[in-house]
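Reader: I would be grateful for a close look at a single part of this model. Please set that part in the context of the whole before turning to its details.

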Amino acid sequence: MNWRLIRNHPSLLIGLVATALFALLGLVSLWWTPFPIEQIVVARRFQGPGPVHWLGTDNLGRDMFSLVMSGTLTSFWVGAAAVVIGIGVGVPLGLAAAAWGGAVEWLVIRISDVTFAFPSVVIAILITTLMGPSAANAIIAIGIFNIPVFARVARGGALAIATQDYVSAARLAGLGNVAISVRHLLPNIMSLIIVQGTIQLSLGILAEAGLSYIGLGTQPPATSLGLMLRDAQSVFLIHPWLSIVPGLAIVLIVIALNIAGDGLRDAMDPRLKREGINHGAG
Amino acid sequence: MILYFLRRFLGFAATLFIAAVVIFVLLDLLPGDPARFILGINASADAVASLRAQMGLDAPAHERFFSWVGGMLQGDFGVSHTQRRDVAGLIAERLSVTLPLTVVAMVLSVAIGLPLGILAARRRGKATDTGLMVLAQVGIAVPNFWFGMLLSLLFAVTLRWLPTGGFTPWNEDFWAAARGMVLPGLALALPQASILARVMRTALVDVTGQDFIRTARAKGMTTGEAVWRHGVRNALLPVLTILGLQFAFLVAGTIIVENVFYLPGLGRLIYTAISERDLILVRSATIVLVLVVSLVSLIVDLTYALVDPRLRRGDA
Amino acid sequence: MAQVDIENLTISFGDREAVSDLSISIKRGDRFGVIGESGSGKSLTSMAIAGLLPETAKVTGTIRLDGEPLPADEKAMARLRGKRIGMVFQEPMTALNPLMKIGAQIDEALRLTHERGTVAALLDEVGLIPAHADRFPHQLSGGQRQRAMIAMALASQPDLLIADEPTSALDVITQRTVLDLIARVCDHRGMTLIFISHDIRAVAALCSRIGVMQGGRLVETGTTADILTAPKADYTKRLLAASRVERHVVAPLEHKQALLEVRNVAREYGHGGFWPWGRKTLRAVDGVSLSIAAGECLALVGPSGCGKSTLARMIVGLDSVTEGEMLLEGRAYRGRDLPPLLRAGLSLVFQDPFGSFDPRMTIGDSIAEPLHLLGRISPMERQARLKEAVEAVGLEESMLSRYPHEFSGGQRQRLAIARALVTKPKLVVLDEPVSALDVSVRGEVLQLLARLRREHGLSYLLISHDLDTVAAMADRVLIMEAGRIVEEGTPERLFAQPQHALTKALMAARLPDVA
Amino acid sequence: MIKTKSLGLTLTALLLATSAALAQSTEIRIGVALEPPALDPTAGAAEAIDVVVYQNVFEGLTRVDQNGAVQPGLAESWTVSDDGLTYTFKLHDGVTFHDGTSFDAEDVKFTFERILAEDSVNAQKALYAPIASVNVIDPLTVEFTLSRPDGMFLFNLGRGDAVIVAPESAENNANEPIGTGPFHFVQWDRGSRVVLEQNGAYWGEKPALTKATYRFIGDTATLTNALLAGDVDGTNNFAPEALAVFEGNPQFKVLVGSTEGETILGTNNAKEPFSDLRVRQAMAHALNRQEIIDGATYGYGVAIGTHFAPQHPYYLDLTETYPYDPEAAKALLAEAGYPDGFSATMKLPPVAYARLSGQIIASQFAEVGIKVELINTEWAQWLEDVLTNKDFDLTVISHVEPFDVGIYADPNYYFGYNNADLQALNEQLNATTDDGKRKELAQQIQTIISEDAVNGYLFELAQTGVWNAKLEGMWQNSPIEGVVLRDIRWVD
């Protein structure tokens, strides 16, 4: 990826910048928030936006802006860690299926079918029961669901690459399946994986919100955007602001990620690059 | 063709078997003794032991596994530990909520998503297209429990057109039951409809660039006619794949929407059953969910083969 | 009045002009050939006539059909082209709707133009039988599909037929029959033909007038005879020169010691079944024996699907035999079990220069990959080998750090050859080494191959369906059909006195030389 | 109720439905947060069971009224012997169970033998341990002999745990409860609702309602919407954070009353450092009770300084025993050897008041140097970890049993408090029937546990009901768990 690419795809730029801004907002919360998020001062609760508390305060008098910063970090972290699990397990599985074929492929397809058919929420409930509710639990539950997604993408991409002559050439050069996967298949499906990664990241952030809603995700005193939304839900009619802030944050982050993903896909997909003259070349 | 069906069916059966093993092992790992949970915290160790024996929890794992799977194959899903009722009946009761809900959501998402996707593709690059795709982005990004509550505030609390939730059994009052499906169905359908609209648009744009559309135009059709008569059907193939995948998401999403609209669905049954350590109920209900999802993807695969003649060969 | 009159046509995408200031006039009944390499704008011009340019294209200039400018209204244009223009495209597989039966697709063309013809009559006219109407595109062969396309184009009784590279995806024999079919229907119906091709011999065989295009400009037009005998433009001269292949035969060596021996090799594929016992087996290669002497160039010729590529894959160790065995320098192997050191003695040059390099790796890394077979070698030796290989194919060492997309097709094929040479093999398998290249560079690559053979004492196994390439390179030719070798001989003998029916058909399908 | 022929006619149907509701105002739909796991109050501890069936489907010999006083139930009268050991009950005549079987003294005997049996699964078995024997004198007279006097005996007979069941139907009560109450069970759509209908053959005064539906709505926002949309007519205990939606809305009435729920910061007295009185005192000083009440109950809780319900006549206000004083807390911690504080875990059950209180307490403790790690658990896990295994440092929980100060006399109870003096006092209290004497003893106990800071005493849970303004007769207070339908009626 280079700057020319980004210049030619303004939506990619918007998506990446917006994503980066939110990610930065979250990262900064590691070192600094306007107010500590554990600090509860009931007396100052339900304040509207103002010069001291830019986004107001919540039901326990915590600073909403600080919570949004910290919550954004958690949401990103959960989504990203789940993507890492998905890529870490799914991509090798998918590559193995494509490189070895036969029984390996059959097994990988079965594994991915089974994980796909397993409702992620049920997995989340089971893990919660095993380990207690936590953000880590959400990461695993969402991550497990990501595995077949990446396995499929990796396998599909690798199968397309594997028919290319340069893979045969590598085989002729005596390279084994592992070496071919690492040297040729993986680098060439990386763009597919990155694009899918942004999509799964946004889905992960939504899934975290859903899990937090039924009490299986992030636990206080830590916070996530989903948890903030859930806590604010019951007072929506009295203090709609408390709902709108995290809700809007989720919507904006997800849209930013999706736009970035779409942009990446457009920029990286050679099929679409050719578009416009694909009837031309004789 | 038959071979193709057979192959898919074998894969389906294998998936179910693996799922059964996974579920069984996972649940065996679960901390907390179901017998103790039922008898409460003051029960004597003797009583717990005798209840464990009664429930067959002291047999070796593989025996319990096969008696469970064997029972299910004969239609015997066992008896719930906590509710002392036939598990099959309990599941059927909940499926009568969850399945129609998913179907309603599926139908709604197709009915909303596909036409909008086609419209966007036809108006590609124009304001309609941009507007629809922005809407679709928002549709995907709104958490469905939040959207569900907003729907409920608008249609149930303010307009009072539809109930805020709850479920009347179908045989008691069909229309009341159907009305109860509308809002949760919509809440579930929104993100899926948005995804479908995007996929449909992309697929149609892709197809529009294909050679056979050019052929159709060469025959004397305008691009619009060519896309309508040749493109849509071809574009439906990727859409069908997505539809199969979406079903899994819908089923997973029902449990959250069931909470918002207090519907007695299968997801919530599993949720409570796990917290009550009703293992027989949990594993049978979970395998039923897996069965439903796998069955749908099997059906999608077979439909795919019916629609696409290229897949009908046995070696596909 | 000209039937098609193009004046000052310019087609551009963004700020790039794909066709510049082009004017042609084609009379009714003409057979007008457009020749040029890929990217020369010849297809775009034909699309412009039919009003099929992509929306992103900006067009200036005028196109008149029988004196009338093309209508601006999309619907009117669509009806006009449906009625007046028949079109045949390059790739019949993708040009047909995969989900519709052939008959239905032809019928649609009939009904759109309210013609009274029948599907059966059209099928008959292009040499298909009524049963084909009930098939889906994927159930037909390439030639049959192209016939179906032609039937569809004829349905509207058009007076102009535009054929855009209609045969370049077909094998030699089919190519000829399709060209003959086009000629026949044009004669029969008195249609005007615009025939687009990169193959000057096909154009010469079919057309009465020729336009030569290069880089979006029309460099020359004239009657076929004028163009062929007295080309004015340099480019035309070069094109003509490139289409004449010289023979690069190296005098056979004294000692005809067998380098590679293939003994009774067969390869079966399970097909159509899930269980082993329900399988129909397909014998892709069926009891083939051959031997290649050191320094010899042996050509393997046959139509697509005859098993020649499968055989090559087994020889180089990408696949294994089901029966039989192979010996390389006396060492027996069955395919994939080829040991690394032996592997180094043999290499393969692929057909498509665009697919044979990993786009994410530098050319140097790609070319160095086979060195892996030699075990550990020092970085210095590695660099020396690379330099030697690249220079052998006429390129420079400095190019090694570049990426594949920075090279042209011809350069890539040279680099592919360099990779094949880097382990200093004795035998190089050439799988259609020039068929994916533009005509103008084919000759250079063939020349290079001949020189390398001379200089390095290489043996070649040349796989091809192109008889010209074979004639230019081979010492000995094997003709293969349905997994078996059906005839063997020197090129001279086979060209002069073909024995087997396939050989005869192949020879008959050759287009006349333009020289 | 609502009968619609087509979705297009919803609006018309709605108008019809509204007018229909006005005409036949004898039905009620009640929203409750928790669905009971079963419907037999004698075989399970869940409060949710009593909410549905107590005094509606099942009745005991006595019943507790909304002020907490004991009234005659199935027993129309009783006599107590002077030594307080023998109770003789005269039963109502002509009472039948919902399945038609008649009620008599044998059913009473069966009920209590079932409670006391070896394999009994009654949650409050211990409360009935003083019963030595139950004798049937004649079909309408039954005599209880106690092994020791029990001041709470008549109250305990009025609890949901001691409702009278029939031997014919007791086994199935979990799924199909058969009692003697004014309402009989119709159906239970699991996950959704329980439907009760008026018992035509009821022996007592007929209630105004003919049908009651309990809808289970766990989510506060959803319950709010359901109330606003008129899908339910009321709820007995609504989340305090959203009460403001209904306050000042003339269509609703908000009933704020008391419960028996003492919410405490449960402390593991058997474990370091909590075994040190100074540490417990420090924690007591560190608690800002008012902030917790405001934050966790939105001001609806009532501050307590000991384990006793403030509305009880024996209650002693001890909230100033250890006033909020972080400096004093730090000093005490330093004195106890923790100048920099210490770390502890707090296991919180899945109820809003506990989760919120936990967060606030953690924040307050942080001020004095005690670092609290919050561990949120589900109920099964909490019961096992805290109650059974006593594997915890701190917890927040509401003790909803009425007059349950006796738990402090049990050294094996989860907070591990072992004080021989207090145990002796409790013994004495149990054996005393004289009201003045009992009050004095109870107050002594209250003082001891308060001064010992056994647990952090936070607040008494409030009962915050939201009902349709046209409903009357709901209990404002909750002296015992249950939503008693008996007096509820629609008025115009």
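**From the chains to one loop residue**

Author: Chain C and chain D are joined by no contact, meaning heavy atoms within 4.5 Å, and their closest C-alpha atoms lie 39 Å apart. Five pairs of chains are in contact, and among these the pair sharing the most contacts is A and B. The model is predicted, so that local features need pLDDT of at least 70 and side-chain atom pairs count only at pLDDT 80 or more, while totals for chains, interfaces and linings use all residues. Residues are numbered from 1 along each chain as its sequence is written, chains are lettered from A and ligands numbered from 1 in the order in which they are written, and side-chain values use heavy atoms, with hydrogens and water left out.

The part chosen for the close look belongs to chain C, which contains 19 helices and 20 strands (DSSP runs numbered from the N terminus: H or I of at least four residues for helices, E of at least two for strands). Its radius of gyration, 25 Å, is close to the 24 Å that the globule rule gives for 515 residues, so chain C is as compact as a globular protein of that length; the radius is taken over C-alpha atoms, and the rule is 2.2 Å times the number of residues to the power 0.38. The C-alpha trace of chain C spans about 70 × 55 × 45 Å along its principal axes.

Of the 515 residues in chain C, 56% are buried, that is, under 20% relative accessible area, against over 50% for exposed and in between for partly exposed (1.4 Å probe, protein chains only). Among contacts in chain C with a separation of 6 or more, 69% link residues 24 or more positions apart. The accessible surface of chain C is about 21,000 Å², and carbon and sulfur atoms hold 50% of this area.

Within chain C, consider Leu170(C), in the loop between β7 (160–164) and α7 (172–189). Leu170(C) has a relative accessible area of 9% and is therefore buried. Leaving aside neighbours within four places in sequence, the contacts of Leu170(C) are Gly142(C), Gly143(C), Gln146(C), Gln175(C) and Val178(C). One of these partners, Gln146(C), is 24 residues from Leu170(C) in sequence, with 8.9 Å between the two C-alpha atoms.

Chain A provides a second view, with 11 helices and zero strands. The C-alpha trace of chain A spans about 75 × 45 × 30 Å along its principal axes, and 60% of its 282 residues are buried. Carbon and sulfur atoms hold 70% of the accessible surface of chain A, which comes to about 10,500 Å².

Nonpolar cores complete the context; each is a set of buried Ala, Val, Leu, Ile, Met, Phe, Trp, Tyr and Cys residues joined through side-chain atoms within 4.5 Å. The largest has 180 residues, and Trp68(B) and Ile91(B) have the most contacts inside it. Helix α10 (residues 223–260) of chain B supplies the largest share of this core, 17 residues. Apart from it lies another core, of 99 residues, including Ile30(D), Phe155(D), Tyr214(D) and Ala354(D). As for Ile91(B), its contacts beyond neighbours within four places in sequence include Phe77(B), Leu266(B) and Val288(B).

How values were computed: Areas by Shrake-Rupley, 256 points an atom, 1.4 Å probe, with all protein chains shown as cover.
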